[in-house]
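Me: Please justify the descriptive terms applied to the following entry, setting each value against its criterion.

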2 protein chains.
Amino acid sequence: MFDELCPSSLNPIRFGDKWAALVIRCLEGGPRRFSELRVPLRRVTPKVLTRSLRALERDGLVRRNVHAGRLRHVEYELTPVGRSLLEPIAVACAWTERHWDELLDARESYDDAARHDR
Amino acid sequence: MFDELCPSSLNPIRFGDKWAALVIRCLEGGPRRFSELRVPLRRVTPKVLTRSLRALERDGLVRRNVHAGRLRHVEYELTPVGRSLLEPIAVACAWTERHWDELLDARESYDDAARHDR
DNA sequence: CAGAATCCCACTCGATACTG
DNA sequence: CAGTATCGAGTGGGATTCTG
């Protein structure tokens, strides 16, 4: 899922925006700071990551906690509702894992047939 | 899911393009013709429905059968792989049904707070 | 009947640069 | 550190009209 060679854009199942599912899985192990999220999600620009987090926050799936101090830091964590999304995500991942090869094969032969028709 | 008052665009879980999940559920009961699909999916223009069906066909989720004759007609039906998608879809639907109200409430209070901050 | 052609809008995503 | 500002490209969806 975090593999660049396996772009999730090919996956027929999506949760929220492009990065939402990844963000949720990154928060599975507990609260994470913005810059901590940027490590596994280094392909996401801060602006886009922020928007994704805001959307999740708006839906009550993620809670945003600001810790003021000398060096301010912000933590994001899953709410119970957000955590409950892990189950459908896991089901979707299992489906994709089981049918990924069939999907790729189907696309290949479809595209081949289309190319032959021209 | 087919309700206009419940736009699936608010649903955080999506399968394929905007109409894919609906198409799949329409095909659950057996093969359907293009114009039959257009009845429950009357909000979808033919072009968009065609594109959605083609995408599903490309992924091997739907099979397209052309019956030539005096009056030509085309039938679409789920492949076994397509049918297997019904399970993740059902899980997603169950999740949404269970958390829909929380989602709406969260959005409302988030938007209220945002409006108050300005 | 089952689409294809054309045009267009809105929105998402991303790159880059900047800031309290 | 945790974002915001700006700009640009690409994509998806839709309205309308036409066709083998």
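Reply: Axes here are lines fitted to C-alpha atoms, for helices over the stretch in contact, and angles run from 0 to 180 degrees between N-to-C directions. The model is predicted. In it, the axes of H3(A) and helix H5 (residues 86-117) of chain B come within 8 Å and cross at roughly 115°.

Me: Why is H3(A) called roughly perpendicular to H5(B)?

Reply: Angles of 65 to 115 degrees count as roughly perpendicular. The crossing angle is roughly 115°, and therefore H3(A) is described as roughly perpendicular to H5(B). By class, this contact has 2 nonpolar, no polar and 5 charged residues.

Me: Which residues of H3(A) and H5(B) meet?

Reply: From H3(A), A:Arg54, A:Glu57 and A:Arg58 take part; they meet B:Ala106, B:Arg107, B:Tyr110 and B:Asp111 of H5(B).

Me: What makes the approach of B:Ser35 to a phosphate oxygen of DNA strand C a polar contact?

Reply: The criterion is a pair of N or O atoms within 3.5 Å. A polar side-chain atom of B:Ser35 lies 2.4 Å from a phosphate oxygen of the strand, so the pair satisfies the cut-off of 3.5 Å. For B:Arg64, the corresponding distance from a side-chain N or O atom is 2.7 Å. For B:Arg54, a polar side-chain atom lies 3.3 Å from a phosphate oxygen of DNA strand C.

Me: How many residues surround DNA strand C, and what classes do they belong to?

Reply: 21 residues surround the strand. Sugar and phosphate account for 66% of the strand atoms that come within 4 Å of the protein. The surface has 6 nonpolar, 4 polar and 11 charged residues, and its largest share, 4 residues, comes from H3(B).

Conventions. Residues are numbered from 1 along each chain as its sequence is written. Chains are lettered from A and ligands numbered from 1 in the order in which they are written. This is a predicted model: local features need pLDDT of at least 70, side-chain atom pairs count only at pLDDT 80 or more; totals for chains, interfaces and linings use all residues. Side-chain values use heavy atoms; hydrogens and water are left out. A residue is near a molecule or strand if one of its heavy atoms lies within 4 Å of it. A polar contact is a pair of N or O atoms within 3.5 Å; within protein, one must be able to donate a hydrogen and the other to accept it, and residues adjacent in sequence count only if both atoms are side-chain atoms. Helices (H or I, at least four residues) and strands (E, at least two) are DSSP runs, numbered from the N terminus. Ala, Val, Leu, Ile, Met, Phe, Trp, Tyr, Cys and Pro count as nonpolar, Asp, Glu, Lys and Arg as charged, and the others, Gly among them, as polar. Angles under 35 degrees count as roughly parallel, over 145 as roughly antiparallel, 65 to 115 as roughly perpendicular and the rest as oblique. Contact means heavy atoms within 4.5 Å.
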